[in-house]
Amino acid sequence: MLPYVIAMFVVLVGSYALLAKENLIKKVIGLGMVSNGIHLFAISLGYRVGGLAPILQDLSMSHLNQPLVDPLPQALILTSIVINLSITAVALSLVIQAYRKTNSIEASALRRLRG
Amino acid sequence: MMYSFFSLMTLLITAFIIPLISLKKERFISHIAIGASLLALVLAVMTVPFVMDQGIITQPMEEWGAPYGIMLAVDGFGMMLILMVTAIGFLVTLFSLRFIKKKRTKYYALLCLMQVGLLGIAHTGDMFNLFVFLEITSISSYILASYYRNAAAIEGALKYLIIGSLGTSMVLLGIVFLYGLTGTLNMADLAVNIADVANTNPVLPLSLGMLVAGLGVKAAMFPFHTWKPDVVSVMPASAGAMFSALSTSIGIYAIMRVVITVFSVSSAIFYYIIIALGAATMVLGAVLAMQQRNLLRLLAYSAISQVGYILVAFGVGGFNPLGFQAAVFHLFNVAMFEALLFLSAGIVMHKAGTYDMEKLGGMARFSPVLAYAFLIGMLANIGIPLFNGFASKWMIYMATLATFPILTVLTVVVSIMTLMYGLRAYSTVFLGNKTVKPGRILRSMLLPVLILAVICVLFGVLPQLGFQMSEFVVGGLDNAHYIAAVLGLG
Amino acid sequence: MVVVVFGILVALIFMLNKHSMKYGRKRRPSNAKKKIYACGEDMSPIQMDVPQGSFYRVFIRYMRLEKLSEWHSGDLSRYLTWVFAGMVVLMLYLLVFWRFV
């Protein structure tokens, strides 16, 4: 139960950083924290107490009567980590471009499009 | 035989070949892109007889079938969306031949990637595949949004990135909740397992809420629509057509797939909030569109308003099956006339150089054909008889009249507001006193506009086509058929 | 028969109107009549021009919908708060009402 609560807490702190901070880089950090919290949640879903790594050591599969950690969330989270890496890269490059155009990295400087 | 999967692979390979070829010969990029999208369209059309014959076609990706492996499952709804995506993608690529002059590599590669993402969401039978293709679509549209490097475009792209990433994180969280509850990610297997979960388990409504909220960011529903006008008004108009007509359609397709197939929500309580959100979206889109100065922003708000119509019809469909048919038909029609309107706005920009309605005027003297095409799109938007918007809006009126007549009143009032901003848009841009010399529009830019206008009129004069199509699609949304086809073969 | 009499009366009234218009006075509308009718607001003719964004301002003030464009002010934090609030409302609604599904 505890890992899930901590992961949800990380998500909440990340979303606080995303919503309440004015600095654009802090918003990107908050976005990263939200996705980190979700990844922690998913990986702790796969954990089995006393489990081994889910790798076949020989083809006789004689060790399969011990608990193994679930490999499926690990694969999904690897994909999601790569996706979030590219989103962070695009976000930071857009923040750099915004700094060059408006000379500030506050979100309140980006208010041209309104209505 | 799932030929439409090969159209996805074609576009994916093209998206990676284009940057490689641009190192050597840059003149051939647009030809490659046109060829690839034409091939994708042909392959998608070739799949139609199979789907109409068997109802749903499946293809496992490896030797393991469902629920262990990844399955692709295309039923009537997915087939309709695949046809829409490949057709409008081809028309937009044809339009961009002369519209986009600089940075072609980036534009065509991202356009192909966006089509790959949209096609992937329509093909998939697996929740995580949905997430991955949703992210592919989102990332390519984040970069495409900042195509013009002015301050407004950077701002629009940044806002879209942050709001969109929050949305897809919510989708991921919903998928993770579902995995923790059932242990599987295949849509058909989830449908079987969710039916066994107890009613008092609190994880199910949380995950449904997260999924609908996250996909609602993509589909531009009421509290999540705020990014859309900012982004669409700074993109190139052809990318805006692709984005506004297709991304929102795929978002609504994903919501309907999750609600109907995976969760198989059959009781009425859930649909009340969909109706409430849809009604708010309708009114909000129409009211804000009346106050706009920028033509693309007005068209973006009109797209948001039409999404509200689809959601209201979808919500009413929980009470009366006519609502689902109306929602599906209106989805098709909205994609068609919104693409038409955006492409015509692109031609206006190509000639006049601005989207500001206070500086535009008198475009009908420039090209009467363009004025007629834009008028057809606007009249279809409003819902005048003889155009396709009328046929689907009539179905929405009938569906809401059978369940909640007050929704019919609201829908008609919003149609009147649509008339208000639609006629203002047309008369400001095309009529008026400004002196504009008559000229010719390039054929490659005019042809997609004419084809879409003909489709709008065709589905308006012969609405039986639309009714048969939506009946076929909704008949295939039956849960048991989907589960049997995906799990039975795998 | 009644219809014929009615038609003759209408034609008479019409001819009298045209006759009196030839010898009538020049019409001089007052200043208040020349202004644009805007339900009690003061709007200049430039503002009521069709391409302007304020063309429908009277309608929106009448329906009390001007708050909507204030909410779309362009502030990113406010937009994100709307997204979050929407998600929370949706989840709470479903959590409360799910036992009736």
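In this predicted model, chain A is built from three helices and has zero strands, so that, read along the sequence, the chain follows the pattern α-α-α. The radius of gyration of chain A is 20 Å, well over the 13 Å that the globule rule gives for 115 residues, and chain A is therefore more spread out than a compact globule. Taken along the principal axes, the C-alpha atoms of chain A fill a box of roughly 65 × 30 × 20 Å. Of the 115 residues of chain A, 28% count as buried, and among the contacts in chain A that join residues at least 6 apart in sequence, 54% link residues at least 24 apart.

Chain C can be described in similar terms. Chain C has five helices and zero strands, and from the N terminus on its elements run α-α-α-α-α. Where a compact globule of 101 residues would have a radius of gyration near 13 Å, chain C has 29 Å. The box filled by the C-alpha atoms of chain C, again taken along the principal axes, is roughly 75 × 45 × 20 Å, and buried residues make up 12% of the 101 residues in chain C.

Both of these chains touch chain B, and the contact with chain A may be taken up before the one with chain C. The contact between chain A and chain B takes 28 residues from chain A and 29 residues from chain B. On the side of chain A that touches chain B, helix H2 (24–46) and helix H3 (71–102) of chain A each supply at least two residues, and H3(A) gives the most, with 15 residues. By class, the residues on this side of chain A divide into 18 nonpolar, seven polar and three charged.

One pair of helices shows a part of the meeting of chains A and B in detail. The axes of H3(A) and helix H5 (residues 127–145) of chain B come within 11 Å and cross at roughly 10°. Because angles under 35 degrees count as roughly parallel, H3(A) is roughly parallel to H5(B). From H3(A), the contact is made by Leu76(A), Thr79(A), Ile83(A), Ser86(A), Ile87(A) and Val90(A), and from H5(B) by Phe128(B), Val132(B), Glu135(B), Ile139(B), Tyr142(B) and Ile143(B). The residues of this contact of H3(A) with H5(B) divide into nine nonpolar, two polar and one charged.

Turning to the other partner, 39 residues of chain B are in contact with 29 residues of chain C. On the side of chain B that touches chain C, helix H6 (151–182), helix H8 (203–219), helix H11 (269–289) and helix H17 (405–430) of chain B each supply at least two residues, and H8(B) gives the most, with nine residues. This side of chain B has 26 nonpolar, nine polar and four charged residues.

Within chain B itself, the axes of helix H12 (residues 295–316) and H13(B) come within 8 Å and cross at roughly 175°, an angle that makes H12(B) roughly antiparallel to H13(B). Among the residues that make the contact are Leu295(B), Leu299(B), Ile310(B) and Phe314(B) of H12(B), together with Phe324(B), Leu331(B), Val334(B) and Phe342(B) of H13(B). The residues of the contact of H12(B) with H13(B) divide into 17 nonpolar, three polar and one charged.

The nonpolar interior comes next. The largest nonpolar core has 241 residues, and of these Ile88(B), Cys112(B), Leu340(B) and Cys456(B) touch the most other members. The largest share of this core, 20 residues, comes from helix H13 (residues 322–352) of chain B, the helix that also runs roughly antiparallel to H12(B). Leaving aside its neighbours within four places in sequence, Cys112(B) is in contact with Leu11(B), Thr14(B), Ala15(B), Ile18(B), Ala33(B) and Ala36(B).

A last residue to look at is Phe366(B), whose place is in helix H14 (residues 363–366) of chain B. Phe366(B) counts as buried because it has 21 C-beta neighbours inside 10 Å. Not counting residues up to four places away in sequence, Phe366(B) touches Lys351(B), Val436(B), Pro438(B) and Gly439(B). The C-alpha atoms of Phe366(B) and Ile441(B) are separated by 9.0 Å, although these two residues are 75 residues apart along the chain.

Conventions: Residues numbered from 1 in each chain as written. Chains lettered and ligands numbered in written order. Predicted model: local features only at pLDDT ≥ 70, side-chain atom pairs only at ≥ 80, totals over all residues. Core = buried A, V, L, I, M, F, W, Y, C linked by C-beta atoms within 7 Å. Buried ≥ 20, exposed ≤ 12 C-beta atoms within 10 Å, placed from the backbone. Helix = DSSP H or I, 4+ residues; strand = E, 2+ residues; numbered from the N terminus. Contact = placed C-beta atoms within 7 Å. Rg over C-alpha atoms; globule rule 2.2 N^0.38 Å. Nonpolar A, V, L, I, M, F, W, Y, C, P; charged D, E, K, R; others polar. Axes fitted to C-alpha atoms, helices over the stretch in contact; angles between N-to-C directions. Parallel < 35°, antiparallel > 145°, perpendicular 65-115°, else oblique.
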